[in-house]
Amino acid sequence: MRSMELRLPAHPGHIRHGRQWVRRQAVACGVHDHILRVLELLTSEVVTNAVKYGGGREVRVRVAVEDDVVRVGVRDTNPEPPALLDPGEVELGGRGMHLVRSLAQAWGVVEHAEDGKSVWFALALAPEGAEAGTRAG
């Protein structure tokens, strides 16, 4: 398993950097392009939530690539888990965790006793040409 971590200031201007960093780490581990698009989208959603609602000065982004799974975790200092909102048709936001739930193979929240939580998701590293982002649980 290969695992890396990036610390980012909890500022909207750094969300893109977090997403691009995760992509670079995944590419370096041989993750295929068809999975990278979903990986970037879900990373952006989870990092955005941590920046907007995390309550701290920084967020930690961790990416781990194993034999058949890429896993991303984003840690912040807010102990509250993310909400699965029910936005109206005309509302611009509130769909991020629905995307994570729908596109990730698995996702969850890890509470940290000392402070905050990590929200994570995993994507199967399907062979080239296979469908990525199917939900198993």
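Begin with the β-sheet: select strands β1, β2, β3, β5 and β4, the order in which the five strands form an open sheet with antiparallel pairing. The model on display is predicted. At the edges of the sheet stand β1 and β4 (106–111), each of which pairs on one side only. From one strand to the next, the twist averages 15 degrees.

Next, add helix α2, residues 33–53, which packs on the sheet. The helix touches β2, β3 and β5, and its direction makes about 170 degrees with that of β5.

Now select β4 together with β5. These two strands run antiparallel and are joined by six bridges. They form a hairpin with five residues between them. In the turn, select G116, whose phi is positive, at about 75 degrees. Two facing pairs can then be displayed across the hairpin: V110 stands opposite S118 in β5, and W107 stands opposite F121 in β5. While following the side chains, recall that in a regular strand they alternate between the two faces of the sheet.

Keep S118 selected and turn to the second largest pocket. Which residues lie nearest the centre of this pocket? They are R62, R71, G73, V74 and S118, out of 18 lining residues. The volume of the pocket is about 290 Å³. To display its strand contributions, select β1 (2–9), β2 (58–65), β3 (69–76) and β5 (117–124), each of which supplies at least two residues of the lining. Colouring the lining by residue class will show eight nonpolar, four polar and six charged residues.

Finally, colour the protein by pLDDT. The mean pLDDT is 85, and 82% of the residues reach 70 or more. Select residues 128–137 as the last stop: pLDDT stays under 50 over this stretch. For these residues the model has 22 contacts beyond four places in sequence.

How values were computed
Residues numbered from 1 in each chain as written. Predicted model: local features only at pLDDT ≥ 70, side-chain atom pairs only at ≥ 80, totals over all residues. Heavy atoms only, no water. pLDDT = per-residue confidence, 0-100. Contact = heavy atoms within 4.5 Å. 1 Å grid on protein atoms, 1.4 Å probe; cavity = no way out; pocket = protein on both sides within 12 Å on 5 of 7 lines; lining within 4 Å. Points joined across faces, edges and corners; volume = space filled by probe spheres on them. Helix = DSSP H or I, 4+ residues; strand = E, 2+ residues; numbered from the N terminus. Nonpolar A, V, L, I, M, F, W, Y, C, P; charged D, E, K, R; others polar. Pairing = 2+ DSSP bridges. Axes fitted to C-alpha atoms, helices over the stretch in contact; angles between N-to-C directions.
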